[in-house]
Amino acid sequence: MAIFNLKKLLLRKDIINLIDMLTGAMGVNICIKDNAGTMLYGTSGSNPACLPITADSQSIGWIYGQDSGKIAAAASLLNYIVGTETQKKALAAETLNKYGELTMLYDFVEKVNAFNVKEIADFLIKHVSEQIRADNVSVMLSDEITGMLKLIAESGIVGAPMTEVGIAGIVMSSGKAEIINDCRSDPRCAMETGSVSSLICSPVKTKEKALGIVIASTIEPYNYTADDLNFFCTLVSQAAFAMDNARLYESLKEAFIKTVHTLAETIEKRDPYTGGHTKRVMNYSIAIAENLGISAGDKERLELASVLHDIGKIGVSDNVLRKTSKLTDEEFEEIKTHTTCGRDILSYIEELKGIIPGVKSHHERFDGRGYPDKLKGLEIDLIARIIAVADTFDAMTSDRPYRKGLPFDTALEEVRKCSGTQFDPKVVDAFFEAVGNNKINLENQEK
Ligand SMILES: [Fe+2]
């Protein structure tokens with residue numbers, strides 16, 4: 001605890017006025033000195049009586065006067081003021097501390113909800129390590145299929161106590177947080193080995209279910225307090241809800257992507273000669289994107305857009321779609337509508353609105369001579385510029401009943417020739433990088 005500053009208190013006008021008023025009313029002259037003998041109030045004179053002024057039972061100065069009874073009254077007033085000020089300061093420090101904790105918690109809650117499970121675990125560990133003394137912090141979640149606890153993330157010294165039957169298992173099944181400050185003599189830690197002396201362990205649980213546990217531990221003995229436990233559990237419970245949401249979101253997303261693939265396959269079956277086209281376009285597109293350094297969000301959009309790029313063909317009549325001879329101008333116009341028809345279909349599905357530019361513009365050309373909007377260069381969505389290369393390359397190399405697919409090298413030459421006219425040169429470069437890395441070839445392609 002910081003030493004109380006008596007000098008600072010006696011510089012305050014309200015305090016001086018109060019002492020003046022009191023000593024005036026009592027008809028007494030006093031002076032106040034600090035422990036070093038420096039005069040802080042009044043003037044020296046003949047003051048035989050003296051009493052200490054204290055803060056937290058420690059002397060912080062002295063009050064002098066002629067009448068011991070009167071200075072006792074003045075001293076008790078001063079001690080009361082000092083006591084109140086000390087309390088105010090402690091309260092302010094505590095408030096500040098709580099404010100810091102709350103701000104951190106708010107920041108934590110705000111960020112954590114945008115993360116996936118592993119990111120939440122890492123974020124939780126980072127915050128726990130900043131606030132609580134620990135040589136190791138580990139997050140274990142129960143596997144959704146086997147039910148066994150599985151290490152998701154850990155920081156610090158690896159090898160903390162982590163066994164199903166030990167404290168992790170106990171906390172997981174009881175759903176109750178525990179502090180064990182002396183692991184070596186606590187039977188609940190009998191299964192844990194060696195290096196851990198003290199630990200704090202909280203279940204990761206929502207109202208409905210237990211998801212796992214978080215454990216923080218030290219190698220040297222440490223005295224974890226109820227405050228540590230309180231803070232630890234608050235943070236873990238926020239993370240628990242975020243993890244539960246993230247798990248739910250991830251499984252919904254998985255189901256959604258599966259549905260999208262099924263939808264694309266169903267559509268593809270209308271045109272039996274293009275079997276496997278969708279998956280190949282997706283694989284080529286992803287291989288190209290890996291060399292363009294696109295964001296995780298764009299990668300996700302690309303995956304869905306490449307799968308659904310021809311979804312609008314659902315609106316093209318069978319006799320045009322399956323025609324093997326040359327299309328008339330009118331028929332070609334009908335085929336071209338699959339881009340805008342794709343946009344119309346996707347605009348009804350909230351989760352797929354983001355991929356509309358990729359689907360609608362995959363037949364635009366870099367030189368502005370494509371369709372449906374004659375967009376040019378970077379006006380065309382990057383996702384669409386990638387799909388354009390992947391789609392054309394696959395169309396060139398696939399067999400049709402009325403023609404054989406081009407050999408690999410000839411198709412590569414064609415792609416190179418169209419760089420800067422039909423295709424974005426940067427995307428073409430990324431395509432050739434993928435070919436060079438053997439990520440795009442005809443041997444491994446999906447049929
Ligand atoms: Fe298309």
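1. Aspartate 56 is exposed, with a relative accessibility of 51%. In this predicted model, aspartate 56 sits in the loop between strand E3 (49-55) and strand E4 (58-65). Its phi is positive, at about 50°, although the residue is not a glycine. Serine 57 belongs to the loop between E3 and E4 as well. Serine 57 also has a positive phi, of about 65°, and is not a glycine either; its relative accessibility of 75% makes it count as exposed. Most residues other than glycine have a negative phi, so both backbone settings deserve a look.

2. A further backbone point concerns proline 372, placed in the loop between H11 and H12. The peptide bond leading from tyrosine 371 to proline 372 is cis, and its omega is near 10°. Most peptide bonds are trans.

3. The iron ion takes its protein donors from Asp310 (OD), His338 (NE2), His362 (NE2) and His363 (NE2), at 2.2 to 2.4 Å. Along the sequence these donor residues follow the spacing D-x27-H-x23-H-H. The angles among the 4 donor atoms run from 81 to 167°, and the site is irregular. A tetrahedral assignment would need all angles between 85 and 135 degrees, and the range of 81 to 167° therefore does not meet that condition. Water is not among the atoms, so the site may look incomplete.

4. Which of the donors histidine 362 and histidine 363 is buried, and which is partly exposed? Histidine 362 is buried, at 2% relative accessible area. Histidine 363 has a relative accessibility of 24% and counts as partly exposed.

5. The model has an open sheet of 5 strands in the order E6-E5-E9-E8-E7, paired antiparallel. Strand E6 (149-156) and strand E7 (178-180) are at the edges; each has a single partner strand, so one side of each lacks a neighbour in the sheet. From one strand to the next the twist averages 15°. E7 is joined to strand E8 (residues 198-205) by 3 bridges, and the two run antiparallel. Opposite isoleucine 180 stands leucine 199 in E8.

6. Two helices may be checked against this sheet. Helix H4 (residues 117-131) lies across strand E5 (136-142), E6 and strand E9 (210-218), and runs at about 40° to E6. Helix H6 (residues 226-268) packs on the sheet with contacts to E5, E7, E8 and E9. The direction of H6 makes about 35° with that of E8.

7. The largest nonpolar core contains 43 residues. Those with the most contacts inside it are Ile288, Leu308, Ile355, Phe393, Val415, Phe431 and Ile440. Elements that give two or more residues to this core are H6, helix H7 (277-290), helix H8 (296-307), helix H11 (356-360), helix H12 (382-397), helix H13 (408-417) and helix H14 (425-436). H12 supplies the largest share, 8 residues. In soluble globular proteins, nonpolar side chains tend to be buried together.

8. Leucine 308 can serve as an example from that core. Leaving aside residues up to four places away in sequence, leucine 308 touches Val260, Leu263, Ala264, Leu346, Leu352, Ile355 and Val359. A second core, separate from the largest one, has 27 residues, among them Val137, Val204, Val214 and Tyr224.

Key. Residues numbered from 1 in each chain as written. Predicted model: local features only at pLDDT ≥ 70, side-chain atom pairs only at ≥ 80, totals over all residues. Heavy atoms only, no water. Pairing = 2+ DSSP bridges. Helix = DSSP H or I, 4+ residues; strand = E, 2+ residues; numbered from the N terminus. Axes fitted to C-alpha atoms, helices over the stretch in contact; angles between N-to-C directions. Contact = heavy atoms within 4.5 Å. Donors = N, O, S within 2.8 Å, 3.2 Å for Na, K, Ca; no water. Tetrahedral: all angles 85-135°; square planar, octahedral: opposite > 155°, others 65-115°. Buried < 20%, exposed > 50% of the residue type's maximum accessible area, 1.4 Å probe, protein only. Core = buried A, V, L, I, M, F, W, Y, C linked by side-chain atoms within 4.5 Å.
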